[in-house]
Amino acid sequence: ALFTVSTFEGWPALLYKAIDSNGENIGPIYNHRVEISIFFIIYIIIVAFFMMNIFVGFVIVTFQEQGEKEYKNCELDKNQRQCVEYALKARPLRRYIPKNPYQYKFWYVVNSSPFEYMMFVLIMLNTLCLAMQHYEQSKMFNDAMDILNMVFTGVFTVEMVLKVIAFKPKGYFSDAWNTFDSLIVIGSIIDVALSEADPTESENV
């Protein structure tokens, strides 16, 4: 039972049984010994939190000490070895910069800090609008949400097009985040198209 409590799995059921427990060969009584919950709380704090963390920390420190023994004859300290390992494993960052002057203008815009901050704010506003939708919302509210959804979808579509022009399709889709963004935008466009094709679907939200 104590092991079950230390694993945080199924311990509330044991707590309720302990609180309702009575004498030997006597049936349980509801909330007969509420004070026993103090034992469970103290046990969880001491054993599950402190003792478990101390044990894990001891294991980690032991492994670190064993690893350090391999370098006991090395003239470099730990930080110096990490610097050397980082320098050996480091790879130069590749940054795409278009040579075409017109493409470079798009690239400069989409990589600028104001553009990134603006898109971040728009994403937060879009998330807020999605969170505001609720069951049995009024027709006026539903129409306003539909308009905002189309506006945000249009803005994010423009962002995707600008980035495709700036990085070219190969460079754009080589980035995992850009690919993810494009899937979200395409899904939003499909959602707007289906909503416009079947207006009753959006009214039943």
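## Aromatic residues

Phe39, Phe40 and Tyr43 make up one aromatic cluster in what is a predicted model. Aromatic pairs in the structure number 7 under the ring-centre criterion of 6.5 Å. A pair of this kind is described by how far apart the ring centres lie and by the angle of the planes.

## Secondary structure

The protein contains 9 helices and 0 strands. Read from the N terminus, the order of elements is α-α-α-α-α-α-α-α-α.

## Annotated transmembrane regions

An unreviewed UniProt entry gives the feature "transmembrane region" for residues 38-63, 115-135 and 147-166. The annotation comes from that record and may be inferred rather than shown by experiment.

Two of these spans can be described by their geometry in the model. Residues 115-135 are 86% helix and 0% strand, and the C-alpha atoms at the two ends of this span are 35 Å apart. Residues 147-166 are 100% helix, with 0% strand; here the end C-alpha atoms are separated by 29 Å.

## Burial, contacts and surface

The protein has 205 residues, of which 20% are classed as buried; the class requires a relative accessible area under 20%. The exposed surface of the protein comes to about 16100 Å², and 67% of that area is supplied by carbon and sulfur atoms.

Among contacts in the protein with a separation of 6 or more, 52% join residues that are 24 or more positions apart.

Technical notes
Residues numbered from 1 in each chain as written. Predicted model: local features only at pLDDT ≥ 70, side-chain atom pairs only at ≥ 80, totals over all residues. Heavy atoms only, no water. Helix = DSSP H or I, 4+ residues; strand = E, 2+ residues; numbered from the N terminus. Buried < 20%, exposed > 50% of the residue type's maximum accessible area, 1.4 Å probe, protein only. Contact = heavy atoms within 4.5 Å. Areas by Shrake-Rupley, 256 points an atom, 1.4 Å probe, with all protein chains shown as cover. Phe/Tyr/Trp six-rings, centres within 6.5 Å; stacked < 30°, edge-to-face > 60°.
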